Every structure is written in structure tokens, then in C-alpha cells.
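Reader: Could you walk me through this structure, one question at a time? I'd like to see the reasoning behind each answer.

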Amino acid sequence: MDDPALKPAMLARLVYLDRCLTWRGQVNRKDLIERFGISSPQAAIDLREYLDRVAEPKPRYDTVRKCYVANPHHRGLPFVEDAGSPDEFVGHPTSSGLSVLPSPARQCPPFVMRRLWQAVEQRQKIEIGYVSMSSGLRQNQWIAPAHFASDGERLHVRAWSFHHREWRDYVPVRVHPDSTFDVAPVGEDLPRDADWEEFVEIRLRPLSSLTEEQQAAVRLEYGFTQEVLSFEVRKSLEFYVERRWGLKQAGARLERC
């Protein structure tokens with residue numbers, strides 16, 4: 001997506017107009033004003049610019065609803081290849097008909113992430129105070145961080161534990177900010193992390209106890225294009241797939257096959 005004749009700020013506003021018309025089917029000056037904090041005259045200029053550039057069939061102005069309405073065959077701006085997602089409108093003031101559940105605030109202090117990242121980059125071991133989920137207690141230990149991974153909700157650090165003498169997943173948000181963060185060279189060849197290097201295939205299907213009609217509904221909901229939904233993940237992340245997809249929870253709709 002690029003048009004050298006447009007300044008980046010206006011380009012962003014035109015793309016937003018295009019996505020409003022693509023996903024919501026309508027847009028007006030107020031949408032631009034609330035989203036970008038611009039004046040009403042500037043919003044009018046943006047709309048005229050959009051109407052000049054958008055492909056046929058162009059949106060029409062509805063005098064009753066006082067907004068521009070997309071044609072059922074709306075094709076949008078010719079230089080915009082990515083139509084985005086309706087998710088960007090969730091929680092926005094112009095989308096009062098939508099609601100979204102809050103996500104847990106799992107933000108790790110930047111200086112903690114910085115220390116861990118530098119330990120990975122410089123191949124160092126680092127002393128952290130880590131809060132255990134099993135005991136709830138903080139324990140000082142040395143780890144050798146090697147990789148970062150995400151389960152889609154939070155970051156994990158794959159690290160060698162000198163205390164447990166094995167590769168483990170650590171959650172940075174449970175690293176206590178008052179840790180010493182002392183560092184030292186690893187000083188030894190660490191064992192191979194087989195679970196990180198090995199990939200496993202995850203094959204999912206609708207729960208076998210469901211009726212054929214229910215299974216068809218599940219395939220539609222999860223975007224099945226074949227009889228099973230298949231993808232690969234690192235073996236060390238296999239557990240998080242099962243937890244995130246709720247495979248072993250009551251009311252599960254999917255199972256491994």
C-alpha cells in the first residue's frame with residue numbers, strides 16, 4: 001500500500017475511511033474527527049479526497065442518516081490491499097453496538113524485559129527472584145535465558161535453570177522487580193533443548209460426541225478447510241495450545257486426533 005502523492009497522515013485517514021466503509025458500511029466526518037482529533041473542515045477535505053480516489057461504485061451520501069453509505073459492491077481504494085479487520089472498531093465510540101471483554105494486564109516492567117533480553121543477546125546467566133505458582137513464594141535462582149515465545153496472551157522466556165538442571169518456561173511478569181539481576185558468563189555448554197528444537201503437529205477435529213450438525217457448525221466457526229485443523233508448534237509450547245484452545249475444559253468443542 002503506497003501513494004507518494006499523499007502525506008502519511010492523510011493516507012492513514014483515507015485508509016481508515018476505507019475500512020469504515022468496508023466493515024461498517026458507512027462513515028461520516030464525525031468518525032474522522034473522533035478518531036484523529038482533526039477539525040470538521042479537514043474531515044470534509046479528507047472525505048472529498050477519498051471520494052475522488054475510491055474505485056467505482058462510489059459511496060453515496062444518505063441525507064436521512066447523514067453519512068456516506070457503501071455500495072453493496074464496494075471495492076475501496078485501489079492502492080489499499082489489506083482491508084484490515086473489524087476488530088479495530090471494537091470498543092471505539094462509533095461502535096457502541098459492540099462490546100469486548102477486558103484482557104488481564106500482564107505488562108512486565110520494561111527494565112525487567114531489558115535485563116532478560118540482554119542476557120539472551122550476550123549469552124549470560126542472570127540471577128532473578130522468581131515467584132513460584134506452586135508455592136507463591138519468591139525464590140532467587142540463576143537462569144540462562146535463550147529464547148522468547150508467546151502463547152498469544154503473554155510472553156515466556158525459555159531458559160536453562162541451574163537450580164532445577166533443566167530447560168523451563170519462565171513468565172517475565174513473575175520476575176520480581178527487586179531481583180539482583182546479577183549476570184555472569186554461562187561458562188559451560190548447556191544441554192540441548194530438545195523440546196524447543198522439536199516441532200509437533202497439532203491436529204484438531206470437532207468433539208466426537210457432537211452430532212453431525214454440531215460438528216459442521218464447529219468446522220464453520222473455527223474456519224476448517226479440511227476434515228481436521230492442522231498446524232505445527234514447538235513441543236515446548238504444546239501445553240499452551242491445549243490450554244488456550246480449552247481442549248480439556250468442560251464445554252470444549254474441539255479435541256486432538
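**Helix packing and a buried serine**

Author: Happy to! Just after helix 2 comes Gly-37, with a positive phi near 70°. Please keep in mind that this is a predicted model.

Reader: Thanks! At the start of helix 2, which backbone nitrogen does a side-chain oxygen of Asn-28 reach?

Author: Helix 2 covers residues 29–36. At its start, a side-chain oxygen of Asn-28 comes to within 3.1 Å of a backbone nitrogen, and that nitrogen belongs to Lys-30.

Reader: How does helix 1 lie relative to helix 2?

Author: The two helices pack at an angle of about 125°, and their axes are 11 Å apart. Angles of 65 to 115 degrees count as roughly perpendicular and those over 145 as roughly antiparallel. The angle falls outside both ranges, so helix 1 is described, relative to helix 2, as oblique.

Reader: Which residues of helix 2 make the contact with helix 1?

Author: The crossing of these two helices is right-handed. On the helix 1 side, the contact uses Ala-12, Arg-13, Tyr-16, Leu-17 and Arg-24. By class, the residues of this contact are five nonpolar, no polar and four charged. Helix 2 contributes Asp-31, Leu-32, Arg-35 and Phe-36.

Reader: And how does helix 1 lie relative to helix 3?

Author: Helix 1 (residues 8–24) packs against helix 3 (residues 40–53) at an angle of about 70°, with 10 Å between their axes. Because angles from 65 to 115 degrees share one label, helix 1 is, with respect to helix 3, roughly perpendicular.

Reader: How many charged residues are in the contact of helix 1 with helix 3?

Author: Helix 1 passes helix 3 in a right-handed crossing. From helix 1 come Met-10, Arg-13, Leu-14, Leu-17, Asp-18 and Leu-21, and they meet Gln-42, Ile-45, Asp-46, Leu-47, Glu-49, Tyr-50 and Arg-53 of helix 3. Sorted by class, this contact has seven nonpolar residues and one polar residue, and the number of charged ones is five.

Reader: Let's turn to Ser-161: is it buried or exposed?

Author: Ser-161 sits in strand 6, which spans residues 155–161. Its relative accessibility is 0%, and the limit for this class is under 20%, so Ser-161 counts as buried.

Reader: Which side chain does the side chain of Ser-161 join in a polar contact?

Author: Beyond its neighbours within four places in sequence, Ser-161 touches Gln-141, Trp-142, Ile-143, Glu-166, Arg-168 and Tyr-170. A polar contact of 3.3 Å links the side chain of Ser-161 to that of Tyr-170.

Notes. Residues numbered from 1 in each chain as written. Predicted model: local features only at pLDDT ≥ 70, side-chain atom pairs only at ≥ 80, totals over all residues. Heavy atoms only, no water. Axes fitted to C-alpha atoms, helices over the stretch in contact; angles between N-to-C directions. Helix = DSSP H or I, 4+ residues; strand = E, 2+ residues; numbered from the N terminus. Parallel < 35°, antiparallel > 145°, perpendicular 65-115°, else oblique. Left-handed = near helix turned anticlockwise from the far one by under 90°. Contact = heavy atoms within 4.5 Å. Nonpolar A, V, L, I, M, F, W, Y, C, P; charged D, E, K, R; others polar. Buried < 20%, exposed > 50% of the residue type's maximum accessible area, 1.4 Å probe, protein only. Polar contact = N/O pair within 3.5 Å; in protein donor to acceptor, adjacent residues only side chain to side chain.
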